[in-house]
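Let's walk through this fold together, going from charged pairs to helix packing and then to a few single residues. Keep the viewer open as you read.

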Amino acid sequence: MQDTSSQYDIIVTQCRDLFTKKMQDYGSAWRILRLPSLTDQIFIKAQRIRSLQENETQKIEENEVAEFIGIVNYSIMALIQIEMGIATQPDLSAKEAIELYNKHIGITKQLMLDKNHDYGEAWREMRVSSLTDLILQKLLRVKQIEDNQGKTVVSEGIDANYQDMINYSIFAMIHLEAHKK
């Protein structure tokens, strides 16, 4: 599991680096986004990944990794929105946003480590396409919970679904990196 932890950290560094650069370019404009808007952005990314996996040709040259990074970063934004509420104006400095990013990725990584312990790293035997499908399933669940105004009967909340999407995306990127070698 030590290997998983270090692989996870490498991927998180890539994701956080892009988040940091976008914070320099755009500031925290994303703070005005409501959760359904963030969910829809993640859905677009996941659908794009599925399209890349299924279509033999593409008109725009992109790769899955960039889209998985987008899922990680939008999911972190959603977790921050859940914690802080929606703002009417950008209200976070880059430093504050990165601190919140680190807080939520730390919680999400610990969840991954705990589940990895219990499940015996079963994700390592999964295909990237299956991880993509699980992300899409989580998105449909989140949309349903949002449509129910956040109420669930027996299911975990929206935040747990965002955390799972982050972890599935990171697992997929670990797989894709391993297949490059």
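K109 counts as buried, because its relative accessibility is 15% and the cut-off for buried is under 20%. This is a predicted model, so please take every value here as computed from predicted coordinates. The buried lysine has a charged partner: K109 forms a salt bridge with D9, and their closest N and O atoms are 2.7 Å apart. If you trace the chain between the two, you will find that the pair links distant parts of it, with K109 in helix α4 (residues 94–119) and D9 in helix α1 (residues 2–26), 100 residues apart. D9 itself is partly exposed, with a relative accessible area of 35%. The bridge therefore joins a buried lysine to a partly exposed aspartate.

How many salt bridges are there by this rule? The count comes to 12, and two others are worth a visit here. One of them pairs D91 with R31, where the closest N and O atoms are 2.8 Å apart. Here the partners sit in loops: D91 is in the loop between α3 (64–84) and α4, while R31 is in the loop between α1 and α2 (35–54), and 60 residues separate them. Is R31 buried or exposed? R31 counts as buried, because its relative accessibility is 2%. D91, on the other side of the bridge, is partly exposed at a relative accessible area of 40%.

The other example is K45 with E67, whose closest N and O atoms lie 3.4 Å apart. K45 belongs to helix α2 and E67 to helix α3, so this bridge ties together parts that are 22 residues apart in sequence. In this pair the lysine, K45, counts as partly exposed at 21% relative accessibility, a value to read against the cut-off of under 20% for buried. E67 counts as buried, with a relative accessibility of 6%. Salt bridges can also share partners, and in this model such sharing joins K115, K138, E156 and D164 into one network.

Now let's turn to how two of the helices meet. Helix α3 packs with helix α5 (residues 128–147) at an angle of about 30 degrees, and their axes are 13 Å apart. The crossing of α3 past α5 is left-handed. Which residues make the contact? On the α3 side they are E64, F68 and I71, and on the α5 side they are V128, T132 and I135. By character, the residues of this contact divide into 4 nonpolar, 1 polar and 1 charged.

Back in helix α4, T108 is a good place to stop. T108 is buried, with a relative accessible area of 0%. What is T108 in contact with, leaving aside its neighbours within four places in sequence? The residues are Y8, L79, Q163, I166 and N167. Selecting them in your viewer shows what surrounds this threonine beyond those sequence neighbours.

N116 is also found in helix α4, and it is buried too, with a relative accessible area of 4%. Its side chain has a polar partner: the side chain of N116 makes a polar contact with the side chain of W123, at 3.0 Å. Y119 lies in helix α4 as well, but this tyrosine is exposed, with a relative accessible area of 60%. From Y119 to E156 the C-alpha distance is 18 Å, for a separation of 37 residues in sequence. You have already met E156 as a member of the salt-bridge network.

Finally, let's look at two residues in helix α1. T20 is placed in this helix and counts as partly exposed, with a relative accessibility of 25%. T20 and A97 are 77 residues apart along the chain, and their C-alpha atoms are separated by 8.6 Å. I10 is found in α1 too. Is I10 buried or exposed? I10 counts as exposed, because its relative accessibility is 56% and the cut-off for exposed is over 50%. In sequence I10 and I170 are 160 residues apart, while in space their C-alpha atoms are 9.7 Å apart.

Technical notes
Residues are numbered from 1 along each chain as its sequence is written. This is a predicted model: local features need pLDDT of at least 70, side-chain atom pairs count only at pLDDT 80 or more; totals for chains, interfaces and linings use all residues. Side-chain values use heavy atoms; hydrogens and water are left out. A salt bridge is a side-chain nitrogen of Lys or Arg within 4 Å of a carboxyl oxygen of Asp or Glu. Helices (H or I, at least four residues) and strands (E, at least two) are DSSP runs, numbered from the N terminus. Buried means under 20% relative accessible area, exposed over 50%, partly exposed in between (1.4 Å probe, protein chains only). A polar contact is a pair of N or O atoms within 3.5 Å; within protein, one must be able to donate a hydrogen and the other to accept it, and residues adjacent in sequence count only if both atoms are side-chain atoms. Axes are lines fitted to C-alpha atoms, for helices over the stretch in contact, and angles run from 0 to 180 degrees between N-to-C directions. A crossing is left-handed if the near helix is turned anticlockwise from the far one by less than a right angle, and right-handed if clockwise. Contact means heavy atoms within 4.5 Å. Ala, Val, Leu, Ile, Met, Phe, Trp, Tyr, Cys and Pro count as nonpolar, Asp, Glu, Lys and Arg as charged, and the others, Gly among them, as polar.
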